[in-house]
Amino acid sequence: MLFLFCGMVTWMAVSDGISHATGTVASHGQLIKKLRFPAIVLPAHTVCSATLNQLIRLAVLCLAALVVGPGLSWTLVLLPLLLLCQMEFTVGLAMVLATANTYYRDTTHWVNALLLLWMFITPVFYPAANYPQRFAFLLQFNPLAHIVGAYREVILNHVLPHPHTLIIIVVMSALS
């Protein structure tokens, strides 16, 4: 139960941030046209809102880990770094998609369909070890698989994520 909830907390923050931020620039065009308003604020605000919701869900997850799970450990000190990298990754992706949506209005529909596909490619509902062996290389190119795995390592398994995983998370966040 905690395994699934931990994956869903992370996935829902990224998914909500991306799906809602995609249409923000196009739907608030009057702000950008009439005022000197930085367009980056619109997708970033939406992602920050999704991250705030994630913080509430993480508090519930940590409480559940204390009550019915393995408890908590010192590895939780890595949570702010994971949250920051995840938020940076999501804002970067949301800005690209919000820009694309101003030119191609169907981007929102495509994003929602691709997010559904991305959810099933990312090990949210199942452990990464159960991923088909012939497609295991796809996990290395899926930044969300690394982020979800890092949250599970820190919160549920009480170990630090592998340095390779942390490097991938930081690099993908910086690139986005």
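**Note on an all-helix predicted model**

1. Start with Leu 82. Setting aside neighbours within four places in sequence, Leu 82 is in contact with Ala 150, Tyr 151, Val 154, Leu 166 and Ile 169. The model is a predicted one. Leu 82 is also listed, with Tyr 151 and Ile 155, among the residues with the most contacts inside the largest nonpolar core. That core has 32 residues.

2. Which helices supply at least two residues each to this core? They are α1 (2-21), α4 (41-67), α5, α6 (107-121) and α8 (143-157). Apart from this core lies another one, of five residues. Ala 21, Val 47, Val 91 and Ala 94 are among its members. In soluble globular proteins, nonpolar side chains tend to be buried together.

3. Now the overall fold. The chain has nine helices and zero strands. Read from the N terminus, the order is α-α-α-α-α-α-α-α-α. The radius of gyration is 17 Å, close to the 16 Å from the globule rule for 176 residues, so the chain is as compact as a globular protein of that length. Along its principal axes, the C-alpha trace spans about 55 × 35 × 25 Å.

4. Burial and surface come next. Of the 176 residues, 44% count as buried. The accessible surface is about 9600 Å². Carbon and sulfur atoms account for 72% of that surface.

5. How are contacts distributed along the sequence? Take the contacts between residues at least 6 apart in sequence: 77% of them join residues at least 24 apart. On charge, the chain has 7 positive and 4 negative charges. Their mean positions are 11 Å apart.

6. Gln 54 is worth a look. The residue lies in helix α4. Is Gln 54 buried or exposed? Gln 54 counts as buried, because its relative accessibility is 0% and the cut-off for burial is under 20%. Beyond four places in sequence, Gln 54 touches Val 9, Thr 10, Ala 13, Leu 83, Gln 86 and Tyr 151. Tyr 151 appears again here; Leu 82 is in contact with Tyr 151 too.

7. Thr 90 sits in helix α5 (residues 79-103). Thr 90 is buried, with a relative accessible area of 2%. What does Thr 90 touch, not counting residues up to four places away in sequence? The list is Val 14, Gly 17, Ile 18 and Val 47. Val 47 belongs to the five-residue core.

8. Leu 156 is in helix α8. At 13% relative accessibility, Leu 156 counts as buried. Outside the four-place window, Leu 156 touches Leu 2, Phe 3, Cys 6, Pro 70 and Tyr 151. Arg 134 is 22 residues from Leu 156 along the chain. Their C-alpha atoms are separated by 28 Å.

9. His 158 deserves a check of the backbone. His 158 is not a glycine, although its phi is positive, about 60°. The residue lies in the loop between α8 and α9 (163-175). At 23% relative accessibility, His 158 counts as partly exposed.

10. Leu 139 and Pro 123 can be read as a pair. Leu 139 is found in helix α7 (residues 136-140), while Pro 123 is in the loop between α6 and α7. Leu 139 is buried, with a relative accessible area of 11%. Pro 123 is buried as well, at 4% relative accessibility. The two are 16 residues apart along the chain, with their C-alpha atoms separated by 8.6 Å.

11. Their contacts follow, leaving aside neighbours within four places in sequence. Leu 139 is in contact with Ile 121, Pro 123, Ala 128, Tyr 131, Ala 145 and His 146. The contacts of Pro 123 are Ala 128, Leu 139, Ala 145, Val 148 and Arg 152. How far apart in space are Pro 123 and Leu 4, C-alpha to C-alpha? The distance is 9.6 Å, across 119 residues in sequence.

Definitions and conventions:
Residues numbered from 1 in each chain as written. Predicted model: local features only at pLDDT ≥ 70, side-chain atom pairs only at ≥ 80, totals over all residues. Heavy atoms only, no water. Helix = DSSP H or I, 4+ residues; strand = E, 2+ residues; numbered from the N terminus. Rg over C-alpha atoms; globule rule 2.2 N^0.38 Å. Buried < 20%, exposed > 50% of the residue type's maximum accessible area, 1.4 Å probe, protein only. Contact = heavy atoms within 4.5 Å. Areas by Shrake-Rupley, 256 points an atom, 1.4 Å probe, with all protein chains shown as cover. Lys, Arg positive; Asp, Glu negative; His and termini not counted. Charge placed at Lys NZ, Arg CZ, Asp CG, Glu CD. Core = buried A, V, L, I, M, F, W, Y, C linked by side-chain atoms within 4.5 Å.
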